[in-house]
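Trainee: I would like a close look at a single part of this model, with the surroundings brought in only where they help to place it. Could you take me through it slowly, from the position in the chain to the packing around it?

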Amino acid sequence: MAVSVFDLFKVGIGPSSSHTVGPMRAAKLFVDYLRQVGLLDRTARLSCALHGSLGATGKGHGSDTAVMLGLMGEAPDTVDVDSVPQRIAELRAQHRLALAGGPVVDFDPARDIEFYALQPLPLHANGMRFTAFDAHGAELVQRVYYSVGGGFVVSEQLATDGSRQQAIAPDTTVLPLPFHSGAELLVLARQHGSIAAVMRINERHWRTDADIDAGLLAIWRVMQACVARGCATEGALPGWLKVRRRAADWYQRLGGTLPIPATGVQLPPGARADPLQLLDWVNLFALAVNEENAAGGRVVTAPTNGAAGIIPAALHYYTRFVPGASDAGVIDFLLTAGAIGLLYKENASISGAEVGCQGEVGVACSMAAAGLCAVLGGTPEQVENAAEIGMEHHLGLTCDPVGGLVQVPCIERNAIASVQALNAARMALNGDGRHIVSLDQVIKTMRDTGADMQTKYKETARGGLAVNIVEC
């Protein structure tokens, strides 16, 4: 299966693409499988075991809620987020679950969703085992799925030799312009004019130019709406940390007014008087998104939920602060960023549970830097340099969320990385594209660093801030 830019940028709900979006999709896939093989009507009870990182931080990330919604037939991009608390409360009280328009089965979340933090499944840190039983308690079927980052889900398959295998890397051979490395992408970009042009030609494998443009602008509108909600919502985030939402206060301190128009957050008069105030706005844009994500709101996985604020923040900078910004620029930004994201997905990982936060915030920073450099007039070589700078200075970044919540340090980390993306783009634009470390080399280094990183620093809440804050 080839991966589209629309696979990288998916509309979903918070707080985590790997721990919320992925499990919801996996649960729905399991119900769909039951229907496909004719077992849905025979199913009287289900269970789900969450292993590894899902078992360690799944409760804080809402993985159990996501599984229940997926079994109900809900999808991350269409579920009514406002109805979720009541529906889950009713299920916990009544222990009755309607399987995606099918039979109503016995389901007690306290009994039927189990967490195995110290028992990872063999192929990835985010493993799930779903089991269906008949009315007599006999097992009907069992399926294993893995949430491999960014909301992507793969199933465990039985190879012809009897060994277990999984195929995570995309197959690009069906595309008009396949590429597997930054070097190959650069060659194609020189031939066709830009990285965005290469991506557009490949996207035509699935849809027309008009549909590509409309789809990407729809993604941009969801990003803008997310920022607007974050800037208008006060209070505390869910969870025992009781983190105070800051975006609404910041927005008003910077001169923003309510209500926010449908076109999104607009800059007040004088916003450009202090040249460095643009950093305040970039920080605000990212904080607004990640506070919404932490609250379980509607976000765009870009390429993950934990790093969902960086690309919207950079795009808001482009559209609000750059003269001559246009919808065409937004589209080219997302196509360029998508090409860079595909390289990380194929050659390394975008899963914090697999390679630490360098695979989430680091990748998003690299993507945003590339997209911004492109729409500011960068050559393909400068764009590749911007992407490399964005990741090089996130190497080794750990994933250590306090309490398993996507709040501390995740929300501020997005703001910091958004500013770094701007700086990486500008550094690249002030060069000629020549640099010592290539994007391919930094991607390989990120992958190797993730492999060397201790498990306690990979979204398990067993190292770093996750333990030191609690101890204090």
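Where is the place of His316?

Mentor: His316 has its place in helix α12, and since what follows rests on a predicted model, I shall keep to what the coordinates of that model give. With a relative accessible area of 0%, His316 is buried, because the cut-off for that class is under 20%. When residues up to four places away in sequence are left out, His316 touches Trp220, Met223, Gln224, Val227, Phe285 and Phe321. Of these partners, Phe285 belongs to helix α11, whereas Phe321 lies in helix α12, so that the packing of these two helices is the natural next step.

Helix α11 covers residues 277–294 and helix α12 covers residues 310–321, and the two pack with their axes 8 Å apart, at an angle of about 135°. That angle exceeds 115 degrees but does not exceed 145, and the two helices are therefore oblique to each other. The crossing in which α11 passes α12 is right-handed. On the side of α11 the contact is made by Leu278, Trp281, Val282, Phe285, Ala286 and Val289, while α12 brings Pro312, Ala313, His316, Tyr317 and Phe321. Sorted by class, the residues of this contact comprise 10 nonpolar and one polar, with no charged residue among them.

Several aromatic residues take part in that contact, and their rings deserve a separate reading. There are five aromatic pairs in the structure. In the pair of Trp281 and Phe285, the ring centres lie 5.9 Å apart and the planes stand at 40°, so this pair is classed as tilted. Trp281 and Phe285 are four residues apart in helix α11, which means that about one helical turn separates them, and each of the two, Trp281 as well as Phe285, is buried. A further pair is formed by Tyr317 and Phe321, whose centres are 6.0 Å apart and whose planes differ by 20°, and this one is stacked. Here too the spacing in sequence is four residues, about one turn, with Tyr317 and Phe321 both in helix α12. Tyr317 has a relative accessible area of 9% and is buried, and Phe321, at 14%, counts as buried as well.

Taken together, these readings give a picture of the setting of His316: a buried residue that touches Phe285 of the tilted pair and Phe321 of the stacked pair. Elsewhere in the chain, Phe30, Phe130 and Tyr145 form one aromatic cluster.

For comparison, another helix contact may be set beside this one. Helix α7 (residues 182–192) and helix α8 (residues 195–203) have axes that come within 7 Å and cross at roughly 95°, and α7 and α8 are therefore roughly perpendicular to each other. That contact is made by Leu185, Leu188, Ala189 and His192 of α7 together with Ile195, Ala197, Val198 and Ile201 of α8. By class, it has seven nonpolar residues, one polar and no charged.

Since you work with coordinates, some backbone features in the loops are also worth checking before the model is used. The peptide bond from Gly14 to Pro15 is cis, with omega near 10°, and Pro15 lies in the loop between β1 and α2. Val408 and Pro409 are likewise joined by a cis peptide bond, with omega about 5°, and Pro409 sits in the loop between α16 and α17. Although Ala100 is not a glycine, its phi is positive, at about 45°; it is found in the loop between β3 and β4 and is partly exposed, with a relative accessible area of 23%. Lys242, again not a glycine, has a positive phi of about 55°, and the loop that holds Lys242 runs between α9 and α10. At 58% relative accessibility Lys242 counts as exposed, whereas His316, where we began, is buried.

How values were computed. Residues numbered from 1 in each chain as written. Predicted model: local features only at pLDDT ≥ 70, side-chain atom pairs only at ≥ 80, totals over all residues. Heavy atoms only, no water. Axes fitted to C-alpha atoms, helices over the stretch in contact; angles between N-to-C directions. Parallel < 35°, antiparallel > 145°, perpendicular 65-115°, else oblique. Left-handed = near helix turned anticlockwise from the far one by under 90°. Contact = heavy atoms within 4.5 Å. Nonpolar A, V, L, I, M, F, W, Y, C, P; charged D, E, K, R; others polar. Phe/Tyr/Trp six-rings, centres within 6.5 Å; stacked < 30°, edge-to-face > 60°. Buried < 20%, exposed > 50% of the residue type's maximum accessible area, 1.4 Å probe, protein only.
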